[in-house]
Amino acid sequence: MRLFILLIVAVLLLGCLGTAKEPLPPLDVPKEYIVMENPVPHTDASVAQGKRLYAIYCTVCHGEMGEGKGEFEKSLGKRPGDLTRAIHERTDGELYYVTMKGFKKEMLPYENLLKPEEIWHLINYMHTLS
Ligand code: HEC
């Protein structure tokens, strides 16, 4: 019996180790953006706007569910950021900055395509992906 309990404890511990992920690497985002609050309230209307914009601009790379399994995965040679993790581990201001300025070589900046308000709608929508 004791062995049985030990075995269960060992399996549970291993399970925890297996799911513990490395934290996302820090982003190069100015401090004032990291602490920036989302000025657009998280309403159904905002989420709906964000969903519409996401389908147009982001799904192709980040995938419908934000997990990075979009069409571009193969041609980029790597999987675009997993937004379902980023929304939990980044601040809204960080997501805003990355969307506005782009990321590394692969993701273009959106500051000329989207109004600030539209980027916040996108962030409200991304919070519904998990
Ligand atoms: C051409 C493909 C492409 C498109 C289109 C694209 N992205 Fe990205 N995105 C990437 C790549 C590649 C990364 C970086 C992945 C890495 O190196 O970790 C990234 C990273 C991100 C990150 C940072 C994730 C993190 O690790 O914190 C956010 C936020 C993001 N994208 C949001 C968006 C939003 C919002 C849109 C639509 C407006 C969008 N992206 C459109 C390719 C794309």
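Helices here are DSSP runs of H or I with at least four residues, numbered from the N terminus. With that in hand, one detail of this predicted model can be picked out straight away: helix 7 is followed by Gly102, whose phi is positive, near 85°.

As for the overall build, the protein has eight helices and zero strands, so in DSSP terms there is nothing but helix and loop to sort through. Read from the N terminus, the order of elements is simply α-α-α-α-α-α-α-α. The protein has 130 residues, and 22% of them count as buried. Contacts across the sequence are another way to look at the fold: taking pairs at least 6 apart in sequence, 61% of the contacts join residues at least 24 apart.

The largest nonpolar core contains 15 residues, and the ones with the most contacts inside it are Leu95, Tyr96, Ile119, Trp120, Leu122, Ile123 and Met126. Two or more core residues come from each of helix 7 (92–101) and helix 8 (116–126). Helix 8 is the top contributor, giving six residues. Leu95 offers a look at the packing around one core member: leaving aside residues up to four places away in sequence, Leu95 touches Ala86, Ile87, Arg90, Ile123 and Met126.

Both of these helices are mostly covered. In helix 8, eight of the 11 residues are buried, namely Ile119, Trp120, His121, Leu122, Ile123, Asn124, Tyr125 and Met126. These buried residues pack against helix 3 (44–57), helix 6 and helix 7. In helix 7, seven of the 10 residues are buried. That set mixes residue types, with Asp92, Glu94, Leu95, Tyr96, Tyr97, Val98 and Thr99 making it up. The cover over the buried part of helix 7 includes helix 2 (31–34), helix 6 and helix 8.

The packing of helix 3 on helix 8 can be described in terms of geometry. Their axes come within 7 Å and cross at roughly 100°. An angle of 65 to 115 degrees counts as roughly perpendicular, and helix 3 and helix 8 are therefore roughly perpendicular to each other. On the helix 3 side, the contact is made by Ser46, Val47, Gln49, Gly50, Lys51, Leu53 and Tyr54, while helix 8 brings Glu118, His121, Leu122, Asn124 and Tyr125. Sorted by type, the residues of this contact come out as five nonpolar, five polar and two charged.

Then there is the ligand. It is surrounded by 22 residues, of which Cys58, Cys61, Gly81, Glu106 and Met107 are the closest. Helix 4 (59–62), helix 6 (83–89) and helix 7 each supply at least two residues of this shell. By type, the shell around the ligand splits into 16 nonpolar, three polar and three charged residues.

The loops hold a few spots worth a look. Lys104 lies in the loop between helix 7 and helix 8, and its phi is positive, about 45°, although Lys104 is not a glycine. Most residues other than glycine have a negative phi. Lys104 is also exposed, because just 9 other C-beta atoms lie within 10 Å, and the cut-off for exposed is 12 or fewer.

Arg79 sits in the loop between helix 5 (73–76) and helix 6. With 16 other C-beta atoms within 10 Å, Arg79 is partly exposed, since that class covers counts between the exposed limit of 12 and the buried limit of 20. Setting aside residues up to four places away in sequence, Arg79 touches Gly68 and Glu73. Arg79 can also be placed relative to His62: the two are 17 residues apart in sequence and 8.1 Å apart in space, C-alpha to C-alpha.

Val35 belongs to the loop between helix 2 and helix 3. Val35 counts as exposed because it has 11 C-beta neighbours inside 10 Å. Along the chain, Val35 and Thr91 are 56 residues apart, and their C-alpha atoms are separated by 7.3 Å.

How values were computed: Residues numbered from 1 in each chain as written. Predicted model: local features only at pLDDT ≥ 70, side-chain atom pairs only at ≥ 80, totals over all residues. Core = buried A, V, L, I, M, F, W, Y, C linked by C-beta atoms within 7 Å. Contact = placed C-beta atoms within 7 Å. Near = placed C-beta within 6 Å. Nonpolar A, V, L, I, M, F, W, Y, C, P; charged D, E, K, R; others polar. Axes fitted to C-alpha atoms, helices over the stretch in contact; angles between N-to-C directions. Parallel < 35°, antiparallel > 145°, perpendicular 65-115°, else oblique.
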